[in-house]
Amino acid sequence: MENRLNVGITHGDVNGISYELIIKLLAENRICELCVPILYGSPKVAAYYRKVLNVENFNLNTIREPREANGKRSNIINCVDDNVKVDLGKETPDSDQASMIALKYALDQLERNEIDVLTLAPQGPESFLKEEANSLAEYLSKRYNTSEAMSLFVSEKMKMGFVTEYSKLRDVPHQITRKNILKKLMLLDDTLRIDFTISKPKIAVLGLNPQVNCGQNGDEEIDVIVPAIEQARQEGIMAIGPFSADRFFSEKMYEKFDAVLAMYYDQGVAAFKAIDEESAACYVAGLPVICSTSLTEPGYDIVGQNIGDEQGMRNALYLAMDVFVHREQNIELQKNPLPHYDIASNSNESDLNVEQIEGVRVELDD
């Protein structure tokens, strides 16, 4: 119990289904057994949705800071104006502002290690556009002053990253460069090793043009994608491709790889969701902090109907916790590496000598 993580959860868009998903998720007893949930939002809005959804026997413990959290209950930090206007079923400037206030407040505390990981409930796309970002990944990339951040979709069947995200289709070919592909492959490889403890990741790279498996490679494949893959392999990254997207997914080639790198968002996301959306969530790779989010939309058209599915939020919460554990395991491994023996020079990092090493080898052979 003492080792449970403090998991921050932002309340998302107050006019969508976020509070419904959060209430359904936190009403599960096992959540408090696995972690200490801390919601960043409004107790007043939470109480309002409890009445709208006719939810009984659910309460949030109001606290001012994470160290006050009750380990046996779900907690909430009031970080938005109590007078925030709830306008069911509409994304509004007020709801966008409320979602970003909660996100920034939670990120501040995440950076101070007051919480261990952060999971976002669905919020409107306009909330990021007002921060001059097209997505959560782009917003976090700007906040942490890095160009390395990338959305990584994760499910039980597949992990998928993207060279370009939320770009207009006409702009995509100009962003498919050797440098960008190599950068994303290196990020994806590092993420699989560190955040998912996959020692030798195999990464499939999709082509930009259709039918690339049929000997009809376009200029982008010949001049850009193939050279980027070859350079990645020289860097020790097991990247293979390019594959035609239609055959790659229809023939289930993804089952042979640890991750897939799509050239652009729509190329990969439709197939990803069709194959396994039920167990999926999104993790933002390449950051010093751990942030995950559900693939669920804000659901403005179904708000208040009590039909929202909280599975995506559950997936996102579990994903963030898994990444935290994997990072901790890697830190411990780096602290206590296996001894390196240089037999040729008869020297090593421990007190063992060559004869002892040879003796162990003989015993194993016998």
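Contact is taken here to mean heavy atoms within 4.5 Å. The structure is a predicted model, in which the protein chain comprises 13 helices and 14 strands. Of the 366 residues in the protein chain, 51% are buried. Among contacts with a separation of 6 or more, residues 24 or more positions apart account for 73%.

Twelve strands form an open sheet with mixed pairing, in the order β3-β4-β2-β1-β5-β12-β11-β6-β7-β10-β8-β9. The edges are occupied by β3 (61-63) and β9 (238-243); each has a single partner strand, so one side of each is left without a neighbour in the sheet. On average, and with direction ignored, neighbouring strands of this sheet are turned by 30° against each other. At the β3 edge, three bridges connect β3 with strand β4 (residues 75-78), and the two strands run parallel. Within this pair, T62 is placed opposite I76 of β4.

Helices α8 and α9 both pack on this sheet. Helix α8 lies across β6, β7, β8 (202-206), β9, β10 (259-264) and β11, and its direction makes an angle of about 155° with β10. Helix α9 touches β8, β9 and β10, running at about 165° to β9.

Strand β6 lies between β11 and β7 in the strand order. Five of the five residues of β6 are buried, so the strand is largely enclosed by the rest of the structure. In a regular strand the side chains alternate between the two faces of the sheet. In β6, M150, L152 and V154 point one way, while S151 and F153 point the other way. The pairing of β6 with β11 is antiparallel and consists of five bridges, with A285 of β11 as the bridge partner of M150. The pairing of β6 with strand β7 (residues 159-164) is likewise antiparallel and is made by two bridges. In that pair F153 stands opposite M160 of β7, and a hairpin of four residues joins the two strands.

Helix α6 (residues 136-143) contributes L136, A137, Y139, L140 and S141 as its buried residues. These buried residues pack against two helices, α4 (93-111) and α5 (125-129), and against the strands β5 (117-120), β6 (150-154), β11 (281-285) and β12 (291-293). Following α6 is N145, which has a positive phi near 50°.

Two packed helices are described by the angle between their axes and the distance between the axes. For α4 and α6, the packing angle is about 50° and the axes are 13 Å apart. This geometry makes α4 oblique to α6, and the crossing is right-handed. On the α4 side the contact involves M100, L103, K104, L107, D108 and E111, which meet L136, Y139, L140 and R143 of α6. By class, the contact contains six nonpolar and four charged residues, with no polar residue. Of the α6 residues in this contact, L136, Y139 and L140 also belong to the buried set of the helix.

A second helix pair is formed by α8 (residues 178-194) and α9 (residues 219-234), whose axes come within 9 Å and cross at roughly 40°. Helix α8 is therefore oblique to α9, and α8 passes α9 in a right-handed crossing. R178, I181, L182 and L185 of α8 meet D223, V224, I225, P227, A228, Q231 and A232 of α9. The residues of this contact divide into eight nonpolar, one polar and two charged.

Residue N180 lies in helix α8. With a relative accessible area of 24%, N180 is partly exposed; the cut-off for a buried residue is under 20%. Although N180 and A228 are 48 residues apart in sequence, their C-alpha atoms are 8.8 Å apart in space. Apart from its neighbours within four places in sequence, N180 is in contact with V163 and Q175. Of these, V163 falls within the residue range of β7 (159-164), one of the strands across which α8 lies.

Terms used:
Residues numbered from 1 in each chain as written. Predicted model: local features only at pLDDT ≥ 70, side-chain atom pairs only at ≥ 80, totals over all residues. Heavy atoms only, no water. Buried < 20%, exposed > 50% of the residue type's maximum accessible area, 1.4 Å probe, protein only. Pairing = 2+ DSSP bridges. Axes fitted to C-alpha atoms, helices over the stretch in contact; angles between N-to-C directions. Parallel < 35°, antiparallel > 145°, perpendicular 65-115°, else oblique. Left-handed = near helix turned anticlockwise from the far one by under 90°. Nonpolar A, V, L, I, M, F, W, Y, C, P; charged D, E, K, R; others polar.
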